[in-house]
Amino acid sequence: MRNQTAKLDLIILGASGNLARMKIFPALFALFSQGLLPPEARFYGLARRSLSQEEFREQIMRHLTCRYTPEHSCAVHIERFLAACRYCRGDYRSPDGFAELGSLLRPDRNRLFYLALPPEIFPAAAANAAGLAQNGTDGAWTRVVLEKPFGRDRASSDRLNRELLRQFSEEQLYRIDHYLGKEMVQNLIVLRFANQIFKPLWNSRYIRCVKIDWQENIGIEGRGDYFDHYGIIRDVIQNHLLQLVTLIAMREPATLTADAVRDRKLEVLRAMETVALGDLVLGQYAAAELNGRKIPGYTAEPGVRPDSLTPTFARLRLRIGNDDWREVPFIIRAGKALAEKKSEIRVVFRNPESNIFCTRDRCPPANELIIRIQPDEGIQFNIVSKTPGLKMRLQTKELDLSYDTAFADTVIPEAYESLLLDVINGEKALFIRKDELEAAWDIFTPVLHEIETAQIKPEPYAFGSSGPEAAREGICNNE
Ligand SMILES: NC(=O)c1ccc[n+]([C@@H]2O[C@H](COP(=O)([O-])OP(=O)(O)OC[C@H]3O[C@@H](n4cnc5c(N)ncnc54)[C@H](OP(=O)(O)O)[C@@H]3O)[C@@H](O)[C@H]2O)c1
């Protein structure tokens, strides 16, 4: 649904930051250049540093791309977009900091506040934003977008929610998990419920295990202050990867409405056992020499404590205690500074109880469904096939739906484009509801506290390797 007629003022708090420059403004421009934003929408940036309008627009322009429009018309779109962008200098913590902004916002416009700020500033910024909220007359709405981290554990997340809910209703809050905006992640629900073939197979009778693998081949890239306080479990597992588990394990919702989908995801989260320390391998990347270049280890990164025990790698097993999944381990493996960059889900099917192709010592390998989320989106199904020839020889081959060939003429939207359009249209299915967030923290809070209290030492692994030794052996049954 496109809300072309609504009037919109969009306000980015923390407009000088990395997220605003690299993700939010480029996504807004992508929507703007396709005519998907309300006409006359304006974009206000608020931050503390002193920036002229020209400097602000220059910062924005540097990261805009012309993916949707030919170069010659793109220049016109860029000019019009930048003309609609305006910078206001102000402190998020003080109502005075919002005075100039308040004087510029138009009275009859919907207002969308994007809190692109460090989380400790959310409550103060939200309180000041609430001072500029529309009061609902003329039907104008106010919505607030937040980015993770939503706390460090269940208690701090609850505290943050209480503070935000003093200013805005749950309906007004849009908690982004940008993974849910990724094209392939949105396709999971289609793959599972629009293809009849998978429905009867999607349970512990036919599925042996599910593996979710998230790897980056870079370190923390100057984000030491943030990362050292959170670590890999809070950074990607408790949110992005857990969301993937819910989409893989949920039952079919009755409809595609936001609450029908989120109710199903919540059922999975509530059926999940808390993570046990014994199910966890933790690692931290160490210095290495790659192609003759010395690469520093995690504890030598700026902003990281030299004696830090923060994990940059974790492998863990999740268990879902319901009839569909009780026997099926969900194995999550996530790490920074590994050999490659990829994010994928691997659904491993069971071998049949009897198979005419089994010999005395070998059976054909089990089928696998691989969903590649990044970098090369695609769906791959591994099947057993006869090798052409006069002998009966079998081998595993792939049925491969690679997006770059299957959808060669289609521009795949960035997650933020999809999510921002949903916020503007009031679509909440891809945003995290408060009860989902609480359930997600309940699964991880006890083990996170245990790791910190017991000062568990992560196993070192070399930058660019395949991770800690202890995480290399398989934990999918019969592997
Ligand atoms: N960057 C990403 O790709 C990404 C991805 C996922 C989630 N996030 C989350 O999105 C939010 C913003 O991320 P970011 O990378 O843009 O952060 P950032 O660059 O560190 O901060 C954004 C802006 O907030 C202001 N700020 C920073 N520290 C402050 C402080 N102590 N007090 C008051 N203002 C402060 C700065 O603006 P002024 O100093 O000019 O006011 C800065 O430009 C964070 O919650 C982050 O965790 C970011």
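Biologist: In what order do the strands of the open sheet of 6 strands come?
Modeller: This is a predicted model. In this open sheet the pairing is parallel. Read across the sheet, the order is S3-S2-S1-S4-S5-S6.

Biologist: Which strands stand at the edges of that sheet?
Modeller: An edge strand here has a single partner strand, so one side of it is left without a neighbour in the sheet. Neighbouring strands are turned by 20° against each other on average, direction ignored. The edges are strand S3 (85–89) and strand S6 (173–176).

Biologist: In S6, what is the bridge partner of Val144?
Modeller: Start with the strands. Strand S5 (residues 142–147) runs parallel to S6, and 4 bridges join them. In S6, Val144 has as its bridge partner Leu173.

Biologist: At about what angle to S4 does helix H5 run?
Modeller: Helix H5 covers residues 122–130. It lies across strand S1 (8–13), strand S4 (110–115) and S5. Its angle to S4 is about 165°.

Biologist: How many strands form the open sheet with mixed pairing?
Modeller: Follow the order S16-S15-S14-S13-S7-S12-S11-S8-S17. Its edge strands are S16 (394–402) and S17, each pairing on one side only. The twist averages 20° from one strand to the next. The number of strands in this open sheet is 9.

Biologist: Why is strand S8 largely enclosed by the rest of the structure?
Modeller: Count its residues. S8 spans residues 280–286, 7 residues in total. A residue is buried if 20 or more other C-beta atoms lie within 10 Å of its own. S8 is largely enclosed because the number of its residues that are buried is 5.

Biologist: Which strand pairs with S8 in the parallel sense?
Modeller: Take the antiparallel partner, strand S11 (residues 313–318), which shares 4 bridges with S8. There, Leu280 is bridged to Leu316. On the parallel side there are also 4 bridges, and Ala286 is bridged to Ala462. That parallel partner is strand S17 (residues 459–462).

Biologist: In S13, which residue is the bridge partner of Trp214?
Modeller: Strand S7 (residues 207–215) and strand S13 (residues 342–349) pair in the antiparallel sense. They do so over 8 bridges. In S13, the residue bridged to Trp214 is Ser343.

Biologist: Which helix lies across S7, S11, S12 and S13?
Modeller: Set aside helix H7 (residues 183–193), which lies across S14 (368–374) and S15 (378–386) at about 150° to S14. The helix you ask about spans residues 224–249 and runs at about 145° to S12. It is helix H8.

Biologist: What distance separates the centres of domain 1 and domain 2?
Modeller: Domain 1 covers 8–147 in the domain assignment. Domain 2 has two segments, 180–412 + 434–471. Taken over C-alpha atoms, their centres are separated by 34 Å.

Biologist: Which helix gives the largest share of the shell around the ligand?
Modeller: The ligand is surrounded by 19 residues, and the closest are Gly14, Gly17, Leu19, Ala47 and Arg48. The shell divides into 10 nonpolar, 4 polar and 5 charged residues. The largest share is 4 residues, from helix H1 (residues 18–33).

Biologist: Is Lys434 buried, exposed or partly exposed?
Modeller: Lys434 sits in helix H12 (residues 434–453). It touches Asn161 and Glu170, not counting residues up to four places away in sequence. Its C-alpha atom is 7.6 Å from that of Glu170, although the two are 264 residues apart along the chain. Lys434 has 16 C-beta neighbours inside 10 Å, so it counts as partly exposed.

Conventions
Residues numbered from 1 in each chain as written. Predicted model: local features only at pLDDT ≥ 70, side-chain atom pairs only at ≥ 80, totals over all residues. Buried ≥ 20, exposed ≤ 12 C-beta atoms within 10 Å, placed from the backbone. Helix = DSSP H or I, 4+ residues; strand = E, 2+ residues; numbered from the N terminus. Pairing = 2+ DSSP bridges. Near = placed C-beta within 6 Å. Nonpolar A, V, L, I, M, F, W, Y, C, P; charged D, E, K, R; others polar. Domains from an automatic or database assignment. Axes fitted to C-alpha atoms, helices over the stretch in contact; angles between N-to-C directions. Contact = placed C-beta atoms within 7 Å.
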